[in-house]
Amino acid sequence: MQKISAYTPEDTFNFGRRLGEHAPAGAFIALYGEMGAGKTLFSQGFAAGLGVREPVTSPTFTIVNEYGGGRLPLAHMDLFRLNDLDEVWERGVWEYFDGFCVVLAEWPEVLAAEIPAERLDIRLIRRLDANGAEWRDIEICAHGDQSWLEEALTDGENFRN
Ligand SMILES: Nc1ncnc2c1ncn2[C@@H]1O[C@H](COP(=O)(O)OP(=O)(O)OP(=O)(O)O)[C@@H](O)[C@H]1O
Ligand SMILES: [Mg+2]
């Protein structure tokens, strides 16, 4: 597990962008963290890094938003409203696990044991400093071969503390 600190919303966005610049075809990124932790903001940065130009909005109601126009197709999903694997199946979520699309999954818990074994887990944790200002710890955990990650984390400004 690796950990970085994001002190501002811009840090969260830029961290996403850095990963989006390096993610390979078929990458699956599970985004954990409570409501308002920054999963969608990270995803907006990630999309920018992939080269997506259209505005990226929360897929809360659509479940999956698909974006072309970038280096790779992006599927941004929010599975919060899905109650079980049957509902996941019905909403066509699996179609995007095709080894080509890059998938960002907010609230991936419902995937349970069906979550891709090869993936990146990212957890955003809300923190408060002594003055009551918010920042985020971001925990990164690679499962399987995620060799692109190292490059993403060390390219240019180093995020790690
Ligand atoms: N590093 C940071 N420091 C302070 N505030 C941050 C940081 N990163 C994100 N935020 C703030 O946290 C909020 C993140 O909202 P966002 O919609 O991305 O959360 P979410 O995890 O997608 O929530 P949901 O589960 O409801 O979809 C925004 O208000 C943003 O400004
Ligand atoms: Mg969200």
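# A tour from hairpin to ligand

Start by selecting strand 6 and strand 7: together they make a hairpin, with 5 residues between the two strands. Zoom in on the turn and pick G132, whose phi is positive, at about 85°. Before you go on, keep in mind that what you have open is a predicted model.

Stay with this pair for a moment. Strand 6 covers residues 119-128, and strand 7 covers 134-143. They run antiparallel and are joined by 10 bridges. For one spot to click on, try R127, which stands opposite W135 in strand 7.

Now walk over to strand 2, residues 28-32. How many bridges join strand 2 to strand 6? There are 4, and here the two strands run parallel. Select I29 and you'll find its bridge partner in strand 6, L120. Strand 2 also pairs with strand 5 (residues 102-106), again in the parallel sense and over 4 bridges. On that side, choose F28, whose bridge partner in strand 5 is V103.

Time to zoom out and show every strand. What you get is an open sheet of 7 strands with mixed pairing, in the order 1-7-6-2-5-4-3. Which strands stand at the edges? Strand 1 (2-6) and strand 3 (64-67) do; each has a single partner strand, so one side of each has no neighbour in the sheet. If you ignore direction, neighbouring strands are turned by 20° against each other on average. While you're here, show some side chains: in a regular strand they alternate between the two faces of the sheet.

Next, add the helices. Helix 1 (9-22) lies across strand 1, strand 6 and strand 7, and runs at about 170° to strand 6. Then bring in helix 2 (39-50), which packs on the sheet and touches strand 2, strand 4 (74-78), strand 5 and strand 6. Its direction makes about 170° with that of strand 5.

Last stop: ligand 1. Select what surrounds ligand 1 and you have 19 residues, the closest being T12, G36, K39, T40 and W107. Some familiar elements turn up again, as helix 1, helix 2 and strand 7 each supply at least two residues of this shell. Colour the shell by type and it divides into 8 nonpolar, 5 polar and 6 charged residues.

Now look at a few atom pairs:

- T12: an N or O atom in its side chain is 2.7 Å from a nitrogen atom of the ligand.
- A37: a backbone N or O atom lies 3.2 Å from a ligand oxygen.
- K39: an N or O atom in its side chain is 2.7 Å from an oxygen atom of the ligand.

To finish, turn on the surface: taken alone, ligand 1 exposes 650 Å², and the protein buries 74% of that.

How values were computed
Residues numbered from 1 in each chain as written. Chains lettered and ligands numbered in written order. Predicted model: local features only at pLDDT ≥ 70, side-chain atom pairs only at ≥ 80, totals over all residues. Heavy atoms only, no water. Near = heavy atom within 4 Å. Polar contact = N/O pair within 3.5 Å; in protein donor to acceptor, adjacent residues only side chain to side chain. Areas by Shrake-Rupley, 256 points an atom, 1.4 Å probe, with all protein chains shown as cover. Nonpolar A, V, L, I, M, F, W, Y, C, P; charged D, E, K, R; others polar. Pairing = 2+ DSSP bridges. Axes fitted to C-alpha atoms, helices over the stretch in contact; angles between N-to-C directions. Contact = heavy atoms within 4.5 Å.
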